[in-house]
Amino acid sequence: MFKGSIPALVTPFKNGELDLETLKKLVDWHVEQGSNGLVPVGTTGESPTLSHREHETVIEEVVKAAAGRIPVIAGAGSNNTKEGIRLIQHAESVGADAALVVTPYYNKPTQRGLIEHFRVLHDCCTLPIVIYNIPGRSVIDMTPATMGELAKLPRIIGVKDATGKLERVSQQRMACGPEFMQLSGEDATALGFNAHGGVGCISVTANVAPKLCAEFQAATLAGDYALALDYQDRLMPLHEAIFIEPGLAGAKFAMAELGLCSDEVRLPLTGLEDSTKTTIRAAMRHAGLIN
């Protein structure tokens, strides 16, 4: 259902508040640049520091601005199942195309708890659900066997896999079937991820270089890995530089260098060190984004 380059969209701020005009312009820009979808209010969208109303507003505005031109997969995860129900039902009510639901963070449920959490969210709405497995942030790791159980539910359609383990793609194909949609959650390994059977990437770097990321993904999906490797060589320094400090801060700085939005982030995140800025600028020059 979803494939290619799908930016994990940043949330632009101005003087501490949502900058909705810039947000709308970013949606238009991504459509023009060839992005294949958008994920508002994931971690890259600073969901941990948005109020519930801000969270809802960003999803509403992105859905309106996209206007059906590209799909919107709304960030709707929580470690509180009841809150997750509210978020996913809101996303459905405003016209999102799917929901991205992270494994519950901090409270460390068992695999049985994961199954029950996702089953309740599945049953509370009619939206397709993409599981977001990122043990580095949520601590718990959903096993391929657990994912295979959840894949039996008709509206759990795929995974954003940020484990960094390329063998997971093959393991999940065995557990969930080859039609289960697998999207990478890690830019640097997206080439190998697709070679194993993935169909795209929910990408941080695509905030900065959406055209290059979309063309890279198109090359992998066409089976042209020689061309994809050329794109990988151009993009790899940028993938690395953006994540020297928290990735969304790196992405916002690079976007500010391109005149797209402010580099403003909310505490506890801070602006970048000068050395990081220098490295990101060099990576942007390497990719051909700036002179």
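**Exercise 1. The whole chain**

Of the contacts in the chain with a separation of 6 or more, 72% are between residues 24 or more positions apart. The model is predicted. Describe the chain as a whole: which helices and strands are counted, and how does its radius of gyration fit the globule rule?

*Solution.*
Step 1. Count the elements. The chain holds 12 helices and 9 strands.
Step 2. Check the radius of gyration. The value is 18 Å, and the globule rule gives 19 Å for 291 residues. The two are close, so the chain is as compact as a globular protein of that length.
Step 3. Take the spans. Along its principal axes the C-alpha trace covers about 50 × 45 × 35 Å.
Step 4. Look at burial. Of the 291 residues, 54% count as buried.
Step 5. Look at the surface. About 12000 Å² is exposed, and carbon and sulfur atoms supply 52% of that area.

**Exercise 2. Leu9**

Decide whether Leu9 is buried or exposed. Then find what it touches.

*Solution.*
Step 1. Locate the residue. Leu9 lies in the loop between strand 1 (4-7) and strand 2 (13-14).
Step 2. Apply the cut-off. Buried means under 20% relative accessible area. Leu9 has 1%, so Leu9 is buried.
Step 3. List contacts, leaving aside neighbours within four places in sequence. Among the partners of Leu9 are Leu23, Val27, His30, Leu38 and Val39. The list also includes Pro40, Thr44, Gly45, Val62 and Asn207.
Step 4. Compare sequence with space. Leu9 and Leu26 are 17 residues apart in sequence. Their C-alpha atoms are 8.7 Å apart in space.

**Exercise 3. Helix 2**

Work out why helix 2 can be called largely enclosed. Name what covers its buried residues.

*Solution.*
Step 1. Check the length. Helix 2 (residues 52-66) has 15 residues. From first C-alpha to last it reaches 21 Å, close to the 21 Å expected at 1.5 Å a residue.
Step 2. Count the buried residues. They number 12 of the 15, so the rest of the structure largely encloses helix 2.
Step 3. Name some of them. The buried residues include Glu54, His55, Glu56, Val58, Ile59 and Val62.
Step 4. Find the cover. It includes strand 3 (17-18), helix 1 (20-33), strand 4 (73-75) and helix 3 (81-93).
Step 5. Look past the end. Just after helix 2, Ala67 takes a positive phi of about 50 degrees.

**Exercise 4. Strand 7 and its partners**

Which strands are joined to strand 7 by bridges, and do they run parallel or antiparallel? What unit does strand 7 make with helix 7 and strand 8?

*Solution.*
Step 1. Start with burial. In strand 7 (residues 156-161), 6 of the 6 residues are buried, so the strand is largely enclosed by the rest of the structure.
Step 2. Take one partner. Strand 6 (residues 129-133) is joined to strand 7 by 5 bridges, and the two run parallel. Here Ile131 stands opposite Val159 in strand 7.
Step 3. Take another partner. Strand 8 (residues 181-184) is joined to strand 7 by 4 bridges, also parallel. Here Gly158 stands opposite Met181 in strand 8.
Step 4. Add the helix. Strand 7, helix 7 (residues 167-176) and strand 8 make a right-handed β-α-β unit.

**Exercise 5. Gln172**

Where is Gln172 placed? Is Gln172 buried or exposed?

*Solution.*
Step 1. Place the residue. Gln172 sits in helix 7.
Step 2. Judge burial. Its relative accessible area is 0%, so Gln172 is buried.
Step 3. Find contacts, not counting residues up to four places away in sequence. Gln172 touches Pro144, Met147, Val159, Asp161, Gly177 and Gln182.
Step 4. Link back. Val159, one of these contacts, stands opposite Ile131.

Notes: Residues numbered from 1 in each chain as written. Predicted model: local features only at pLDDT ≥ 70, side-chain atom pairs only at ≥ 80, totals over all residues. Heavy atoms only, no water. Buried < 20%, exposed > 50% of the residue type's maximum accessible area, 1.4 Å probe, protein only. Contact = heavy atoms within 4.5 Å. Expected span 1.5 Å × (residues − 1). Pairing = 2+ DSSP bridges. Right-handed = clockwise from strand over helix to strand, strands pointing away. Rg over C-alpha atoms; globule rule 2.2 N^0.38 Å. Areas by Shrake-Rupley, 256 points an atom, 1.4 Å probe, with all protein chains shown as cover.
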